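Please open the structure in your viewer and keep the selection tool at hand. The tour below proceeds from one selection to the next and states what is found at each stop.

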Amino acid sequence: MSRAFLVVMDSVGCGGAPDADGFFNEDRPDTGANTLVHIAQACAEGRADSGRCGPLKLHNIDNLGLGAAIRLASGQTAPGLGAAPQGLWGAATEVSRGKDTPSGHWELAGVPVPWDWTYFPRELPAFPEDLLAEIRHLAGTDGTLGNCHASGTEIVARLGAEHLRTGWPILYTSADSVFQIAAHEEAFGLDRLYALCAGIAPRLHAMRIGRVIARPFTGAAETGFVRTPRRHDYAMTPPAPTLCDWVQGAGRRVQAIGKIGDIFSMRGIDEVRTGPDAELMAHWTDLMDEAPDGSLTFANFVEFDSLYGHRRDVAGYARALEWFDAALPPVLARMRPGDLVLITADHGNDPTWTGTDHTRERVPVIGAGVGARAAGLRAFADIGASVAAHLGVPSQGPGRSFL
């Protein structure tokens, strides 16, 4: 029986979104943003030589069809990515009115988002007083810190010492539809932080805020503060059954790697394996051997986005791409006859762009296990429909299989 492995390289867009002019970073529209092309150009021009050097080296995924997918999506050529495709290749366009994690993942899994998300204003404070009062009540504190738009690393560095002194949680948001709460794992307590986020999440979800994110950190004012990997997302439940539900409902097993469990509120998920991206690659490798026949493994590699895209770190993003590419051969060597591996993304995050937000882009669709074939320009929802078709599971969404 066939198995499927759907792998999201978080934020690895390839330009060409037809509605990019309707999405912004600060006051600049996303028109022309292209994560992969601009990284490859920077590498070829010697502008991304920190911790690496020379042209972008993605031989394995390019051989499957990455360069061809970029050309299809945007009409641009990424320097060094020009191999003749030996796998499935195409590009996908999102229809949901958001360039965020839940929108991208839900639509990849067959369910476009049927509403507009709510975003907090950039005024100070960013959050209404009645919401802050409820958080103070839930946290058992006299006040809160932050209450603004901010970078997570910056606000923890700026307010970490005051947080330790007062015990007040640090609240902040971004250009995404998110509400983030940062607190010291030991002084505030990790379980207490999780309970606070879980307690306030229903109210924020009712406001169409997509995610409440627990952001634990450790450290001291003297040595500095560091965010830990024990982040936890409290996301809205998808508005309809997704690919995960379809597969699980057919009596098959669904394994989640990375933050997939959080994104889908554990609906349709049997098992979750988490950790930093290096550990996630080990989990994926193990599941190539362990995943049962007929199963779906759904993975998200987040560090392209979280560590490099938002921080506009071109060299770091290039290093992460080359690391992922070099890790592919041992994984793909474990494929069994009948297996399908699809590698895609959920949005863009061009590290050469203005601002710190995601960028509206098409995403590559690269596959192994079905021979060399062109999938063409597709909808995000077609990816979920194709995985379902491969597994012999009925698709319940609007997508159409390209297999």
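Which residues does L321 touch, not counting residues up to four places away in sequence? Select L321 together with M9, V12, L36, I39, L56, L58 and F304, for these are the residues in question. Please bear in mind throughout that this is a predicted model.

**First stop: the nonpolar cores**

L321 belongs to the largest nonpolar core, a set of 85 residues. Together with W284 and F324, L321 touches the most other members of that core. Colour helix α12 next: the largest share of this core, 10 residues, comes from α12. A second, separate core contains 22 residues, among them F127, F179, L193 and Y234.

**Second stop: helix α1**

Select residues 35–44, which form helix α1. Because 8 of its 10 residues are buried, α1 is largely enclosed by the rest of the structure. The buried residues are T35, L36, V37, H38, I39, A40, A42 and C43. To see what surrounds them, add α3 (66–74), α12 (314–332) and β15 (363–368), against which the buried residues of α1 pack. Then move just past the helix to G46, where phi is positive, at about 75 degrees.

**Third stop: D350**

From α1, keep H38 selected and add D350, which is found in the loop between β14 (340–344) and β15. The side chains of D350 and H38 make a polar contact of 2.6 Å. What is the nearest side chain of opposite charge to D350, and how far away is it? It is R312, at 6.6 Å. A salt bridge requires a nitrogen-to-oxygen distance within 4 Å. D350 is buried yet has no salt bridge. R312 is nevertheless among the residues that D350 touches, as are A33, N34, T35, H38, T359 and E361, when residues up to four places away in sequence are not counted.

**Fourth stop: the annotated positions**

Now select D10, D346 and H347, which an unreviewed UniProt entry lists under "binding site". These positions are spread over 338 residues of sequence, yet they cluster in space, with a largest C-alpha distance of 7.2 Å.

Centre the view on D346, in the loop between β14 and β15. Is D346 buried or exposed? With 0% relative accessibility, D346 counts as buried. Beyond its neighbours within four places in sequence, D346 is in contact with residues including V8, M9, D10, E94 and H105. Measure from the side chain of D346 to that of H105, and a polar contact of 3.5 Å appears.

H347 is located in the loop between β14 and β15. With a relative accessibility of 1%, H347 also counts as buried. Its side chain makes a polar contact of 3.1 Å with that of D346. Among the residues that H347 touches are D10, S11, K99, D305 and H358.

**Fifth stop: salt bridges**

Side chains of opposite charge can pair when their charged atoms come close. The structure holds 26 salt bridges, and three of them are visited here.

Begin with E94, already met as a contact of D346. E94 forms a salt bridge with R360, with the closest N and O atoms 3.3 Å apart. This pair links distant parts of the chain: R360 is in the loop between β14 and β15, whereas E94 is in the loop between β4 (88–93) and α4 (101–108), 266 residues apart. R360 counts as buried at 2% relative accessibility, and E94 is buried at 5%.

Proceed to R211 and D176, whose salt bridge has its closest N and O atoms 3.8 Å apart. R211 lies in strand β8 and D176 in the loop between β6 and β7, so the pair ties together parts that are 35 residues apart in sequence. R211 is buried, with a relative accessible area of 4%, and D176 counts as buried at 8%.

The third pair is E185 and R230, with a distance of 2.7 Å from N to O. E185 is in helix α7 (residues 185–206), and R230 is in the loop between β9 and β10. Which of these two is buried? E185 is buried, with a relative accessible area of 13%, whereas R230 counts as partly exposed at 38%.

Finally, select D19, E94, R97 and R360 together: salt bridges that share partners join these residues into one network.

Terms used. Residues numbered from 1 in each chain as written. Predicted model: local features only at pLDDT ≥ 70, side-chain atom pairs only at ≥ 80, totals over all residues. Heavy atoms only, no water. Buried < 20%, exposed > 50% of the residue type's maximum accessible area, 1.4 Å probe, protein only. Helix = DSSP H or I, 4+ residues; strand = E, 2+ residues; numbered from the N terminus. Contact = heavy atoms within 4.5 Å. Lys, Arg positive; Asp, Glu negative; His and termini not counted. Polar contact = N/O pair within 3.5 Å; in protein donor to acceptor, adjacent residues only side chain to side chain. UniProt positions renumbered as here; feature names shortened; annotations may be inferred. Core = buried A, V, L, I, M, F, W, Y, C linked by side-chain atoms within 4.5 Å.
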